[in-house]
Amino acid sequence: MKKVNIYFNRWFSVAYHYMNLIRNNEDGVPVQIFATHPDIRHMSLQGADVAGTEPAVTGIEYVQFCIDFCRRNEIDIFIPRLHMMDIALHAAQFDAIGTKVLVCRDLDLLEMMLDKGKFYEKVKESGIMEIPEYHVVHTAEQFKTAYEDLVAKGLRVCFKPTETEGGLGFRIINNSRSPLQELFGYVTQHISFDEAYRVLSGAETFPDLMVMELLEGYEYSIDCLADENGKLLAAVPRRKDTGRLRVMEHIPELELIAERVAETYRIPFNFNIQMKYGGSVPKLLEINPRMSGGLHVSCLSGINFPYLAVKSALGGEVQPVRFGEDVLASHVEQPMIMKIFAESTIQDAVN
């Protein structure tokens, strides 16, 4: 059986798990996994068979690097994370060389999902799920007005950039902080209103911030699998519990939200819906049009999300699937000896 060549561009460290889930697939399909990253010793590359160093370029130059890489290495499936929008814009060029790109091709939808402020407006129009109270601001005075409006409604307040990943830039406004106590403790996401306002006042304008109600209930990531046309095939709600504990559990209202999102937006392959409860109401945090950072944990439910997306993209039949019993999971660190990719292998991969 011919090996399927699969390429990951710059990903998070957890791509190591995605690569092994695809490699150890239940159908016994042989794969060869290629990966690139600016740091040749990055953890994500340890799951690859062939690794290379990415150039420090953006825009069309980066897309051209990916196209050339796919052509030289006869890549069948490309799973992008970095510069996803640029790659989607030029998806037809990958089609022309026989490479299937696992990316949302609805460019307007993709652009909105990558900007939380724009996407909240879209979700508000659709009415398919609840969203938090929020304001999008780009000046200190707008920030102050938004904060005062939310406080007047009896809400706690947080803020984050509208375009971000992995919690970068997220802060909780807390006016009862003890800076001295914090100095001797862990780094915190808490900041007082006065401190935030002072920092933001140092610039005439700044990149859009979403100032929103702080949701204090359980947080769920709903890992979803769809076919190329956006038909939902699987959904697993994964809850953050105390410490490192994670729970995959059947929550009918969250599974219904996954169905509504799939029906409304037709996002293909792997995507992730992040929800958090405000009281008894689940509200949207964001939708990521890619594999989530905790997807490998959701695969402990028995559903191999990364491989099934690849199988579907290759034209294989993937039936809708539900997981069985709830699963309580966690993780421990595992030491490992790092692969050292030979210089010739690196050069073959990128030149």
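**Exercise 1.** Which side chain meets aspartate 49 in a salt bridge, and at what N to O distance? Place both residues in the chain and state how exposed they are.

Solution. The model is a predicted one.
Step 1. The partner is arginine 23, whose side chain forms a salt bridge with aspartate 49 at 3.2 Å, N to O.
Step 2. The pair joins distant parts of the chain, 26 residues apart: aspartate 49 sits in the loop between β2 (31-37) and β3 (50-53), and arginine 23 in helix α1 (residues 15-23).
Step 3. Partly exposed residues fall between the buried limit of under 20% relative accessible area and the exposed limit of over 50%. Aspartate 49, with 34%, is therefore partly exposed, and arginine 23, at 25%, is partly exposed as well.

**Exercise 2.** Treat the salt bridges of aspartate 68 and glutamate 216 in the same terms.

Solution.
Step 1. Aspartate 68 pairs with arginine 71, with 3.0 Å between the closest N and O atoms. Both belong to helix α2 (residues 59-72) and are three residues apart, so about one helical turn separates them. An α-helix has 3.6 residues a turn, so residues three or four places apart point the same way.
Step 2. Aspartate 68 is partly exposed at 25% relative accessibility; arginine 71 is also partly exposed, at 45%.
Step 3. Glutamate 216 and arginine 156 meet at 2.8 Å, N to O. This pair links distant parts of the chain, 60 residues apart: glutamate 216 lies in the loop between β10 (209-213) and β11 (219-226), arginine 156 in the loop between α7 (140-152) and β7 (157-161).
Step 4. With a relative accessible area of 55%, glutamate 216 is exposed, while arginine 156 is partly exposed at 35%.
Step 5. The count for the model is 21 salt bridges. Among the residues involved, Glu133, Asp149 and Lys153 are linked in a network.

**Exercise 3.** Is asparagine 9 buried or exposed, and what does its side chain reach?

Solution.
Step 1. Asparagine 9 is located in the loop between β1 (4-8) and α1.
Step 2. Its relative accessibility is 2%, so asparagine 9 counts as buried.
Step 3. The asparagine 9 side chain reaches the backbone nitrogen of arginine 81 at 2.8 Å.
Step 4. Beyond neighbours within four places in sequence, the contacts of asparagine 9 include Thr36, Glu54, Tyr62 and a run from Phe78 through Ile79, Pro80 and Arg81 to Leu82.

**Exercise 4.** Why can helix α12 be called largely enclosed by the rest of the structure? Describe its ends too.

Solution.
Step 1. Helix α12 spans residues 305-313, and eight of these nine residues are buried, so the rest of the structure largely encloses the helix.
Step 2. The buried residues are Phe305, Pro306, Tyr307, Leu308, Ala309, Val310, Ser312 and Ala313.
Step 3. At the N-terminal end, asparagine 304 acts as a cap: one of its side-chain oxygens is 3.2 Å from the backbone nitrogen of tyrosine 307.
Step 4. Just after α12, glycine 315 has a positive phi of about 95 degrees.

**Exercise 5.** Which residues touch the most other members of the largest nonpolar core?

Solution.
Step 1. This core has 56 residues, and those touching the most other members are Val261, Ile273, Leu284 and Ile287.
Step 2. Helix α2 supplies the largest share of the core, seven residues.
Step 3. A second, separate core of 40 residues includes Val14, Ile33, Met248 and Leu308. Leu308 is also one of the buried residues of α12.

Note on methods
Residues numbered from 1 in each chain as written. Predicted model: local features only at pLDDT ≥ 70, side-chain atom pairs only at ≥ 80, totals over all residues. Heavy atoms only, no water. Buried < 20%, exposed > 50% of the residue type's maximum accessible area, 1.4 Å probe, protein only. Helix = DSSP H or I, 4+ residues; strand = E, 2+ residues; numbered from the N terminus. Polar contact = N/O pair within 3.5 Å; in protein donor to acceptor, adjacent residues only side chain to side chain. Salt bridge = Lys/Arg side-chain N within 4 Å of Asp/Glu carboxyl O. Contact = heavy atoms within 4.5 Å. Core = buried A, V, L, I, M, F, W, Y, C linked by side-chain atoms within 4.5 Å.
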